[in-house]
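Hello,

Here is the structure I promised to pass on. Please open it and read the notes below alongside it.

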Amino acid sequence: MRLFLAALVVATLGLSPMPALAEGVIVAHGGGSSYFHGKPPKLFKSFAYAFRKSGKRAKIVTVSSYETDENTELRDLLTSAGYRNVTHLNVKSPNAVAAIKAADLIYFDSGVQTRLMRKLNAHPKVLAAIRQAHASGTMIGGSSAGAAVMSDVMICCDKGGRAIEARGLGLLPGFVIDQHYTQRERQFRLRQIISKHPDKVGIGIDESVAVVFNGSKATVIGSPEKSTNAKEKLIFGCRKIKGIYTCTCGDLCPCSRTEIFTEGGIKRQCVKSLTAGPGVRQAVTIVRMVNGKLTETTIKRGKSFRLDKLRPS
């Protein structure tokens with residue numbers, strides 16, 4: 001049945017070949033306001049896929065977009081889940097390259113993708129070691145900004161309704177990743193980038209969903225678990241409320257600005273707290289150019305598609 005579904009998706013998307021990925025498995029998670037659910041907390045299925053596949057005894061190296069700050073929540077969750085060999089990468093350390101070479105899994109944390117690439121570009125030996133590790137078969141994972149950096153053409157942000165690009169890790173040649181896709185209404189910026197780069201294929205990943213890239217095949221993994229009670233307060237997060245993209249205070253939303261404002265053609269508002277609200281859409285959107293026109297295909301969780309059949313035409 002799975003092969004039939006994959007073939008059906010491929011038939012929908014087109015049949016022109018795109019080179020398969022020969023390197024290590026990549027897991028790109030769309031992000032979200034929480035990594036865990038329930039009490040005691042358990043890692044989301046989609047978020048935890050890379051960690052589970054690498055194994056409890058695996059050497060896991062986490063990479064933050066901040067120069068020195070480690071995501072202690074991520075470390076504590078992995079430790080509580082039984083992963084004991086977790087190291088936070090200090091790119092300035094003389095042992096950084098050795099840590100990367102020894103890793104079974106390199107995981108890029110959420111944050112700011114431009115800051116992450118700026119940090120890695122400042123240490124070219126570390127950057128080269130990461131690319132070599134992937135080429136040698138090391139599993140690579142990333143959530144939110146950590147997923148965005150997988151692209152060569154990387155969407156770094158948007159301003160005034162215009163998508164702004166930069167250079168990413170280039171681990172997914174031919175593809176452009178965007179994350180928090182429908183939850184943060186980022187459809188417009190992926191369309192803009194693919195219009196500018198018609199030889200690329202855009203992959204917009206919703207929150208709580210991961211895409212596993214393995215050779216010529218990609219699989220969408222969702223999280224059927226209920227994350228929180230709909231009325232529970234969120235410390236950090238965003239959701240659409242009555243047509244307004246509403247976020248808690250933080251890097252994304254300065255609470256010095258409390259009125260409803262429009263940015264990138266989207267109505268936005270900053271608030272001090274949010275309730276969890278209804279569940280989020282869990283799907284992936286494929287954006288590509290076909291016969292000079294942008295086309296979009298939605299792939300739901302649990303389904304697979306062929307990367308080598310996605311070349312734009």
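First, a definition: two strands pair if DSSP finds at least two bridges between them. The strands themselves (E, at least two residues) and the helices (H or I, at least four) are DSSP runs, numbered from the N terminus. Residues are numbered from 1 along each chain as its sequence is written. This is a predicted model, with local features needing pLDDT of at least 70 and side-chain atom pairs counting only at pLDDT 80 or more, while totals for chains, interfaces and linings use all residues; side-chain values use heavy atoms and leave out hydrogens and water.

**The sheet**

Start with the eight strands that form an open sheet. Their order is β5-β4-β6-β7-β1-β12-β13-β22, and the pairing is mixed. β5 (86–88) and β22 (304–306) are the edges; each has a single partner strand, so one side of each lacks a neighbour in the sheet. From one strand to the next, the twist averages 20° (axes are lines fitted to C-alpha atoms, for helices over the stretch in contact, and angles run from 0 to 180 degrees between N-to-C directions).

Strands β12 (residues 210–214) and β13 (residues 217–221) run antiparallel, joined by five bridges. There, phenylalanine 213 has alanine 218 of β13 as its bridge partner.

**Strand β7**

Look next at β7 (residues 139–143). Five of its five residues are buried, so β7 is largely enclosed by the rest of the structure. Buried means under 20% relative accessible area, exposed over 50%, and partly exposed in between (1.4 Å probe, protein chains only). In a regular strand, side chains alternate between the two faces of the sheet. Here Met139, Gly141 and Ser143 point one way, and Ile140 and Gly142 the other.

β7 has parallel partners: four bridges join it to β1 (residues 26–29), and four to β6 (residues 105–108). Which residues stand opposite glycine 142? Alanine 28 does, and so does phenylalanine 108. Glycine 142 has 0% relative accessibility, so it counts as buried. Leaving aside neighbours within four places in sequence, its contacts (heavy atoms within 4.5 Å) include Val27, Tyr107, Ala147 and Met150.

**Helix α2**

Helix α2 (residues 45–54) lies across β1, β4 (60–63), β6, β7, β12 and β13. It runs at about 155° to β6. Buried residues in α2 include Phe47, Tyr49 and Phe51. Glycine 55 follows the helix, and its phi is positive, near 100°.

**Strand β10**

Is β10 (residues 175–179) buried or exposed? Five of its five residues are buried, so β10 is largely enclosed by the rest of the structure. β10 pairs with β11 (residues 201–205) in the parallel sense over five bridges. Between them the chain passes through helix α8 (residues 187–196), and this β-α-β crossover is right-handed. That is, with the strands pointing away from the viewer, the path from the first strand over the helix to the second runs clockwise.

**The cores**

A nonpolar core is a set of buried Ala, Val, Leu, Ile, Met, Phe, Trp, Tyr and Cys residues joined through side-chain atoms within 4.5 Å. The largest has 44 residues; Phe108, Leu120, Ile203, Phe213 and Phe305 touch the most other members. Helix α6 (residues 124–135) gives the most to this core, with five residues. Another core lies apart from it, with 17 residues, among them Tyr49, Phe51, Ala210 and Ile221.

Best wishes
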